Amino acid sequence: MRASDLVADFPTVGLDTPVAEAARLLAEQDLPGLIVVDERGLPSSILPGTQVLRLAVPGYCLDDPALARVVDEAHADAFLDKLAGRTVREALPARARELPVAAPDATVLELAALMARTHSPLVAVVDEQGLQGAVTLQALVDRLVEG
């Protein structure tokens, strides 16, 4: 089994896509993350859904999770307003990490190792024509369970 056997079409966003739009796409399609593409349409990063959440959660709650308990639901909704006007570029890690990209002939084990090493819920599959889609953690696990 190769990446080309598991690859599926996958939505992409650009660096200047509003992060609220990216969050909506994640939620509406129940995605583990998004492929961020450059101006050529090639992957420049993978944006896990958790990184979008980091923009909406106040820093003090990230530093001390106990403080999140004292914020009531009415005020918690206001934190989502912090996403307004922000871009995907702001949700990406400050330091570039290894990009989870594989060729269509990558094996299941290569894909699993890449996901584990990069802490990514998906791998972009790229060939000489460009981005072919992605292999998600769910598709990989399903394949491993099937044997």
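## Contacts, sheets and helices

Q: Leaving aside its neighbours within four places in sequence, which residues is Thr136 in contact with?
A: With contact taken as heavy atoms within 4.5 Å, and neighbours within four places in sequence left aside, the partners of Thr136 are found among residues of this chain. The model is predicted, so that local features need pLDDT of at least 70 and side-chain atom pairs count only at pLDDT 80 or more, whereas totals for chains, interfaces and linings use all residues. Residues are numbered from 1 along each chain as its sequence is written, and side-chain values use heavy atoms, with hydrogens and water left out. On that basis, Thr136 is in contact with Phe10, Met115, Pro121 and Leu122.

Q: Is Thr136 buried or exposed?
A: Thr136 belongs to strand β6, where helices (H or I, at least four residues) and strands (E, at least two) are DSSP runs, numbered from the N terminus. Buried means under 20% relative accessible area, exposed over 50%, and partly exposed in between, with a 1.4 Å probe and protein chains only. The relative accessible area of Thr136 is 16%, so this residue counts as buried.

Q: Which residue has the backbone nitrogen that the side chain of Thr136 reaches at 3.1 Å?
A: A polar contact is a pair of N or O atoms within 3.5 Å; within protein, one must be able to donate a hydrogen and the other to accept it, and residues adjacent in sequence count only if both atoms are side-chain atoms. The side chain of Thr136 makes one such contact, at 3.1 Å, and the backbone nitrogen belongs to Ala139.

Q: What is the order of the open sheet of three strands that has β4 and β6 as edge strands?
A: Two strands pair if DSSP finds at least two bridges between them. The edge strands β4 (101-102) and β6 (130-136) each pair on one side only. β4 pairs with β5 (residues 122-127) in the parallel sense over two bridges, whereas β5 and β6 run antiparallel and are joined by six bridges. The pairing is therefore mixed, and the order is β4-β5-β6.

Q: Which residue of β6 is the bridge partner of Val125?
A: On the β4 side, Val125 of β5 stands opposite Ala102, and Ala124 is the bridge partner of Val101. Strand β5 goes on to β6 through a hairpin of two residues. In β6, the bridge partner of Val125 is Gly133.

Q: What is the handedness of the β-α-β crossover from β4 through α7 to β5?
A: Five of the six residues of β5 are buried, so the strand is largely enclosed by the rest of the structure. The chain reaches β5 from β4 by way of α7, and a crossover is called right-handed if, with the strands pointing away from the viewer, the path from the first strand over the helix to the second runs clockwise. By this criterion, the crossover is right-handed.

Q: At about what angle does helix α7 run to β5?
A: Helix α7 (residues 108-118) lies across β4, β5 and β6. Axes are lines fitted to C-alpha atoms, for helices over the stretch in contact, and angles run from 0 to 180 degrees between N-to-C directions. Expressed this way, the angle of α7 to β5 is about 125°.

Q: How wide an arc do the buried residues of α7 cover around the axis?
A: The buried residues of α7 are Val108, Leu111, Leu114, Met115 and Thr118. They lie on the same side of α7, because the arc, taken from the directions from the helix axis to the C-beta atoms, is limited in extent. Leu109, Ala116 and Arg117, on the other side of α7, are exposed. The arc of the buried residues is only 130°.

Q: Which residue of β3 stands opposite Ile35?
A: A further open sheet of three strands has the order β1-β2-β3, with mixed pairing, and its edge strands are β1 (12-14) and β3. Strand β2 (residues 33-37) runs antiparallel to β3, to which five bridges join it. In β3, the residue opposite Ile35 is Ile46.

Q: What is the relative accessible area of Ser45?
A: Ser45 lies in strand β3 (residues 43-48). Not counting residues up to four places away in sequence, Ser45 touches Leu34, Ile35, Val36, Leu92 and Leu99. Ser45 is buried, and its relative accessible area is 14%.
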